[in-house]
Amino acid sequence: MEREKAAKGILMTAMIAVFGIFGVDKFARPDVWLGWMPPWLADLSGISRETWLMITGGIEVFLAAALLFPHRLVRRIAAWGMVAHLIFILTQTGVNDIFVRDQGLLLSAVALAILL
């Protein structure tokens with residue numbers, strides 16, 4: 001039981017850090033992230049890629065903060081939200097080094113969601 005608790009704590013810390021840091025960084029340095037926003041988003045919705053970037057950053061910060069919330073159901077929903085977010089990202093990146101990193105994050109998010 002202690003090992004499971006430690007594993008859950010490590011996964012939560014990692015996912016909070018990644019989603020929190022990447023989310024905040026989208027606001028701090030949007031120029032670094034804008035190239036990763038698919039052009040079709042603006043065509044589909046009429047919302048600029050810059051705005052979509054801010055929405056994405058906000059979602060990432062929200063999901064990270066939700067993992068800090070002391071209610072198990074909120075944490076579980078946040079973890080599954082991270083899974084959905086990462087699946088969407090993986091459909092857009094193509095197979096490259098970022099894909100491999102995000103695949104590891106996806107599996108970590110799935111493990112966390114199962115543990116919560």
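Leu-112 touches Lys-8, Leu-11, Met-12, Met-15, Leu-67 and Ala-79, leaving aside residues up to four places away in sequence. The model is predicted. This briefing covers its nonpolar cores, then helix H4, then a surface patch.

**Nonpolar cores**
- The largest nonpolar core has 22 residues, and those touching the most other members are Met-15, Phe-19, Leu-67, Met-82, Leu-86 and Leu-112.
- At least two residues of this core come from each of H1, H4, H5 and H6.
- A second core, separate from that one, has five residues, among them Leu-34, Met-37, Leu-41 and Leu-53.

**Helix H4**
- Helix H4 covers residues 49-68.
- Its 20 residues, at 1.5 Å a residue, should span 28 Å, and this agrees with the 29 Å between its end C-alpha atoms.
- Buried positions in H4 are Leu-53, Thr-56, Gly-57, Glu-60, Leu-63, Ala-64, Ala-66 and Leu-67.
- These buried residues pack against four helices: H1 (2-28), H2 (30-33), H5 (72-93) and H6 (97-115).
- Two of the buried H4 residues also appear above: Leu-67 belongs to the largest nonpolar core, and Leu-53 belongs to the second core.

**Surface patch**
- Val-24, Phe-27 and Val-61 make a nonpolar surface patch of about 240 Å².
- Val-61 of this patch lies in helix H4.
- Val-61 counts as partly exposed because its relative accessibility is 30%, and partly exposed residues fall between the buried limit of under 20% and the exposed limit of over 50%.

Conventions
Residues are numbered from 1 along each chain as its sequence is written. This is a predicted model: local features need pLDDT of at least 70, side-chain atom pairs count only at pLDDT 80 or more; totals for chains, interfaces and linings use all residues. Side-chain values use heavy atoms; hydrogens and water are left out. Patches are made of residues with over 30% relative accessible area and no salt bridge: like charges are joined within 9 Å, nonpolar side chains (Val, Leu, Ile, Met, Phe, Trp, Tyr) within 5 Å. Accessible areas come from the Shrake-Rupley method with a 1.4 Å probe; for residues, only the protein chains shown count as cover. A salt bridge is a side-chain nitrogen of Lys or Arg within 4 Å of a carboxyl oxygen of Asp or Glu. Buried means under 20% relative accessible area, exposed over 50%, partly exposed in between (1.4 Å probe, protein chains only). The expected span of a helix is 1.5 Å times one less than its number of residues. Contact means heavy atoms within 4.5 Å. A nonpolar core is a set of buried Ala, Val, Leu, Ile, Met, Phe, Trp, Tyr and Cys residues joined through side-chain atoms within 4.5 Å.
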